[in-house]
Amino acid sequence: MAAAEEPAKRRADGSRGTRKGNAAWAMRTAAEQLSELLGRSPESVSALKPTEDGWEADVEVLELERVPETTSVMATYRVTLDQEGDLVAYERTRRYTRGQIDRRG
């Protein structure tokens with residue numbers, strides 16, 4: 001296996017280090033930068049793919065908290081990162097209630 005393809009090594013504290021440019025790094029970077037812009041903490045990254053210019057991620061965010069929790073309003077944001085990990089674009093692609101089942105494809 002080439003060095004660039006090796007999985008992240010476990011650290012002494014049990015965590016895995018992440019190299020700049022790998023998928024785990026891109027997921028964390030997309031979520032952190034979107035959080036800064038929106039002022040809300042992302043709940044998850046539901047999709048991630050490399051592009052010619054960097055990465056594209058779909059990040060799930062709680063937009064409106066309601067009781068019961070299943071009626072809270074969630075949103076999916078498409079985040080585009082360049083190769084350095086800088087957020088160059090984002091857009092909300094979907095709003096839905098937390099309890100909604102996705103019947104698309």
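**Exercise 1. State how many salt bridges the structure holds, and work out which parts of the chain the pair Arg98 and Glu43 links.**

Solution. The structure, which is a predicted model, holds seven salt bridges, a salt bridge being a side-chain nitrogen of Lys or Arg within 4 Å of a carboxyl oxygen of Asp or Glu. In one of them the side chains of Arg98 and Glu43 meet at 3.0 Å, N to O. This pair links distant parts of the chain, with Arg98 in the segment after β4 and Glu43 in strand β1, 55 residues apart; strands here are DSSP runs (E, at least two residues) numbered from the N terminus.

Local features need pLDDT of at least 70 and side-chain atom pairs count only at pLDDT 80 or more, while totals for chains, interfaces and linings use all residues. Residues are numbered from 1 along each chain as its sequence is written, and side-chain values use heavy atoms, with hydrogens and water left out.

**Exercise 2. Find the order of the strands in the sheet, and name its edge strands.**

Solution. The four strands form an open sheet in the order β1-β2-β3-β4, with antiparallel pairing, where two strands pair if DSSP finds at least two bridges between them. The edge strands, each of which pairs on one side only, are β1 (42-50) and β4 (87-97). Within the sheet, strand β2 (residues 54-64) and strand β3 (residues 73-82) pair in the antiparallel sense over 10 bridges, and Val59 stands opposite Tyr77 in β3.

**Exercise 3. Decide whether Asp58 is buried or exposed, and find the network that Asp58 belongs to.**

Solution. Asp58 counts as buried at 14% relative accessibility, since buried means under 20% relative accessible area, exposed over 50%, and partly exposed in between (1.4 Å probe, protein chains only). Arg78 forms a salt bridge with Asp58, their closest N and O atoms being 2.5 Å apart. Arg78 lies in strand β3 and Asp58 in strand β2, so the pair ties together parts that are 20 residues apart in sequence. Salt bridges that share partners join Lys49, Glu56, Asp58 and Arg78 into one network.

**Exercise 4. Describe the side-chain partners of Glu63.**

Solution. Glu63 lies in strand β2 and is buried, with a relative accessible area of 14%. Its salt bridge is with Arg92, the closest N and O atoms being 3.2 Å apart. Because Glu63 lies in strand β2 and Arg92 in strand β4, the pair ties together parts that are 29 residues apart in sequence. The side chain of Glu63 also makes a polar contact of 2.4 Å with the side chain of Tyr77, and another, of 2.9 Å, joins the side chains of Glu63 and Arg95. A polar contact is a pair of N or O atoms within 3.5 Å; within protein, one must be able to donate a hydrogen and the other to accept it, and residues adjacent in sequence count only if both atoms are side-chain atoms.
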